[in-house]
Amino acid sequence: MIDNKNISKFAISIVEELQKNNYQAFLVGGCVRDLLCSIVPKDFDIATNATPNEIRKIFKASRIIGRRFKLVHIFNRSELIEVATFRSGDDHDKEGNLVKDQSGKILRDNIWGTLEQDTFRRDFTINALYYCPTSGKIEDHNSGVKHIRDKKIVSIGDPSKRFSEDPVRSLRAIRFSNKLNFKIDSNIKDAIYKKGHLLSNISNARIFDEFCKIFLSGLAEKNFRKLVSFGLNRYLIITNPNENAFSDQLINEALRNTDNRVKKNKSVTPGFLIAAMLWPELIKKSSKGGEINLRKFFRSMDQVLKSQQKITAIPRKFHTYIKDIWVLQLKLHSRIGKQPYKTLNHPRFRAAYDFLLIRERASNCNSNLGNWWTKFQKNDRLHQKSLISELKELNDKESYKKFGFTEELI
Ligand code: ATP
Ligand code: MG
C-alpha cells in the first residue's frame, strides 16, 4: 500500500539503524496518514521503544529537545527527523505527581510505554498508524486505515475528555478535515463546541504555531470559515469578522491572497497576514466617520498588537514589520512632492502596496490609489514626475485631510 520510494531515505535509514540495535521503530503519524491519502508528507516522524538517551547514543548528529514532551532530533545536512519514544500516557509520574492540571490538561508526558499504549495518546485514529518500511506492514490498533477509507476524523477515546487533556486537538480536527476533505465525527463536533473555550488556557507560543499551520498551508480561507462556524476564530485572532462587512471582506481577501501565494510557491509570512487581519481593529480604534485620527492611530498600533500578543506569541521581528505596513498605508495616501519616492524606496513598500490592493478589494472601492501606485512603481523618473503633477490639484484638496481615508476605503 505504501511505496518506500515516497519516503525520505534518511528517515528509512534511521528506522533501520534502530532496528539493527534491536529496538522497535516505525514511521508514524502524519506521514503515514498522508502517504495513504496520496499526499506528499511534509515531514517524517519516527516512533520507537528506545529511550531518548538510548537514541542519542546511536546517532551522533542528534539532540534531545523538550521538557513537557521529550523528543530526539536527528539531523543530516538537509533534513531533521523527529524521533519519539513510545508513551504509556499514564497520568502520574514516578513520584506519583499529577501531570494534569485542574481542567484536565496534560502538563507532562514522559512516561515510556509500548506501541499499543502509545496509540492511545495520539489524537485521531488516522494519526495513530505505525508503518514499518522493512516489512511493509502497518500497525493499526484503532481502525485508522478504515477511517481513511471512510474519509472521516475519529477521536481515539472520548473526544470530550481528549480535548480537555489538550484543547489544541479541536483546531487539529478542523485543520485535518479541510486538508484531507474528511468528515468530522459528530461526537468530535460536540466536543469542539463543549471544550473549545479551553483554548484560552493554551500558551500563546503554541497557539502561534498552530496559527501558522492553519493559515499558511494554502487552506487559510477554508480553515477560517470552519473555525468561525465552530466559534474558534477568537482564539486565533482578535478581529471579529462579524463586526462589519469590511472586517469580514478584508479578512477573506487577506486569507485568499495568502492561499494564492502558497499555490504559486511564493513566500508567505505570518507578519503580513496578521497586519492585514488586525487592520480593522486598528481602524476601529483610531477613526471616526471615515477619518483617521493620527494620534490615535499611532497610539493604537501597540495596543492592538498587545491584545493579539496575548493569544498568539508573534515573534518580535514581526512587530516592526507589521507596524511598517500599517504606517505605510497612511503614506501611500500622501503623494505630494518627494513623499512617493520615499515610500517607494521603503523596504516594506511591496508588502504595503499588496495590502493596499487587498484593502481596496475588500471595500469594493474604485479609488484609483492602487492603480496609481501600480503605474508609479513601473514607470521611469520622467513619467513618475508627471504622475505626481497630474495629482497636484487633487493633492492640494486632500492635503488638509492629511491621511484621512475616505469612508469607502476603510
Ligand atoms: P501535520 O504535520 O500535517 O500537521 P501531523 O499529524 O504530522 O500533521 P504533527 O503535529 O506533526 O501532526 O504530529 C505528529 C503526530 O503526533 C500526529 O500524527 C499525532 O499522532 C501526534 N500528535 C501531535 N499532536 C498531538 C496532539 N495535540 N494530541 C495527540 N497527538 C498528537
Ligand atoms: Mg507532522
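**Ligand 1 and the salt bridges**

Modeller: In this predicted model, a nitrogen atom of ligand 1 lies 2.7 Å from an N or O atom in the side chain of Asp 166.

Biologist: What makes this pair of Asp 166 and ligand 1 a polar contact?

Modeller: A polar contact requires N or O atoms within 3.5 Å. The distance of 2.7 Å for Asp 166 meets that limit, so the term applies. Ligand 1 also has a nitrogen atom 2.7 Å from an N or O atom in the side chain of Arg 169. The protein covers 85% of the 580 Å² of accessible area that ligand 1 has on its own.

Biologist: Why is the pair of Asp 150 and Lys 146 called a salt bridge?

Modeller: The term calls for a side-chain nitrogen of Lys or Arg within 4 Å of a carboxyl oxygen of Asp or Glu. The closest N and O atoms of Lys 146 and Asp 150 are 2.6 Å apart, so the pair qualifies.

Biologist: How do you know whether Glu 253 is buried or exposed?

Modeller: Buried means under 20% relative accessible area. Glu 253 has 11%, so Glu 253 is buried. Its salt-bridge partner is Arg 361, with the closest N and O atoms 2.9 Å apart. Arg 361 lies in helix H16 and Glu 253 in helix H11, so the pair ties together parts that are 108 residues apart in sequence.

Biologist: Why does Arg 361 count as partly exposed?

Modeller: Partly exposed lies between the limits of 20% and 50%. Arg 361 has a relative accessible area of 41%, therefore the label fits.

Terms used:
Residues are numbered from 1 along each chain as its sequence is written. Chains are lettered from A and ligands numbered from 1 in the order in which they are written. This is a predicted model: local features need pLDDT of at least 70, side-chain atom pairs count only at pLDDT 80 or more; totals for chains, interfaces and linings use all residues. Side-chain values use heavy atoms; hydrogens and water are left out. A polar contact is a pair of N or O atoms within 3.5 Å; within protein, one must be able to donate a hydrogen and the other to accept it, and residues adjacent in sequence count only if both atoms are side-chain atoms. Accessible areas come from the Shrake-Rupley method with a 1.4 Å probe; for residues, only the protein chains shown count as cover. Helices (H or I, at least four residues) and strands (E, at least two) are DSSP runs, numbered from the N terminus. Buried means under 20% relative accessible area, exposed over 50%, partly exposed in between (1.4 Å probe, protein chains only).
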